[in-house]
Amino acid sequence: MAEYLGLTVDIPANDPDHIEYLQGAGEGRLVLQRCSDCNLLRYPPGPACPYCQSLEREWEEVSGRGTIYSYEIVTQAINPAYRELVPYAVVLVELDEQRGVPDEHEALRVISSLVDGDGAPEAEENVAIGARVEAEFADLGDGLGLPRFRLSDETPEHELWQFPS
Ligand SMILES: [Zn+2]
């Protein structure tokens, strides 16, 4: 049985899109769907293309490298399993693939948590918009994994920005 933070990960059998996403992560790969008609990658996983509504898609491994586009610091545990983790960062990561496509307001953005080298929440003072990140994967068991991000040592493209403290 797949678990995360002691919680059972229960994905309905009629949600093959999320199952494949987590299976890819279980193999240490960040995989996303690419529309077979308009050729755009997308996130989150789902049956239809948000750009052209096509149901035809293939899975593709992406680099997992990107930039923090936005973030929030969660200070209240919404589940008792998260009590020991707060405060932790939830990040919206703009992947290096498909930047500025289909237009300048959209890109390939993945939401997840930001962790340190030990898999613990990254310290709040290190979280910033513009910081470079790379994917890493938590093992959920049962062949499933959970994509997360950690800071990389790449030089940011622009000055970092943090919420005023
Ligand atoms: Zn499409």
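Between which two strands does the loop that holds Glu106 lie? In this predicted model, Glu106 sits in the loop that connects strand 7 and strand 8. Glu106 counts as partly exposed, because 15 other C-beta atoms lie within 10 Å, a number that falls between the limit of 12 or fewer for exposed residues and that of 20 or more for buried ones. Its C-alpha atom is 14 Å from that of Cys49, a residue 57 positions away in sequence.

**The five-stranded sheet**

Strand 7 and strand 8 both belong to an open sheet of five strands, whose order is 8-7-6-9-10 and whose pairing is antiparallel. The edges are formed by strand 8 (109–113) and strand 10 (144–151), each of which pairs on one side only. From one strand to the next, the twist averages 35°. Helix 1 (residues 16–26) packs on this sheet, where it touches strand 9 and strand 10, and the direction of the helix makes about 65° with that of strand 10. Strand 9 (residues 132–141) runs antiparallel to strand 10 and is joined to it by eight bridges; within this pairing, Phe137 stands opposite Pro147 of strand 10.

**The three-stranded sheet**

A second open sheet contains three strands in the order 4-3-5, again with antiparallel pairing. Strand 4 (41–42) and strand 5 stand at its edges with a single partner strand each, so one side of each has no neighbour in the sheet. Strand 3 and strand 5 are antiparallel and pair over six bridges, with Leu32 opposite Glu60 in strand 5. Helix 1 packs on this sheet as well, touching strand 3 and strand 5, and its direction makes about 140° with that of strand 3.

The two strand pairings described above can be set out as follows.

| Strand pair | Bridges | Residues standing opposite |
|---|---|---|
| Strand 9 and strand 10 | eight bridges | Phe137 and Pro147 |
| Strand 3 and strand 5 | six bridges | Leu32 and Glu60 |

**Helix 1 and its cover**

Which residues of helix 1 are buried? They are Tyr21, Leu22, Gly24 and Ala25, and they lie on the same side of helix 1 because they cover an arc of only 150° around the axis. The elements that cover the buried residues of helix 1 include strand 3, strand 5 (57–62), strand 9 and strand 10. After the helix comes Gly28, which has a positive phi near 75°.

**The nonpolar core**

The largest nonpolar core holds 24 residues, of which Val91, Val93 and Leu114 touch the most other members. Helix 1, strand 3 (30–35), strand 6 (65–74), strand 7 (88–95), strand 9 and strand 10 supply at least two residues each to this core, and strand 7 provides the largest share, with five residues. Leaving aside residues up to four places away in sequence, Leu114 touches Ala89, Val91, Glu122, Val127, Val133, Phe149 and Arg150.

**The segment after strand 10**

Is Ser165, in the segment that follows strand 10, buried or exposed? Ser165 is exposed, because 6 other C-beta atoms lie within 10 Å, whereas a buried residue would need 20 or more. Ser165 and Glu125 are 40 residues apart along the chain, and their C-alpha atoms are separated by 9.4 Å.

Notes. Residues are numbered from 1 along each chain as its sequence is written. This is a predicted model: local features need pLDDT of at least 70, side-chain atom pairs count only at pLDDT 80 or more; totals for chains, interfaces and linings use all residues. Two strands pair if DSSP finds at least two bridges between them. Helices (H or I, at least four residues) and strands (E, at least two) are DSSP runs, numbered from the N terminus. Axes are lines fitted to C-alpha atoms, for helices over the stretch in contact, and angles run from 0 to 180 degrees between N-to-C directions. Two residues are in contact if their C-beta atoms, placed from the backbone, lie within 7 Å. A nonpolar core is a set of buried Ala, Val, Leu, Ile, Met, Phe, Trp, Tyr and Cys residues joined through C-beta atoms within 7 Å. The arc is that of the directions from the helix axis to the C-beta atoms.
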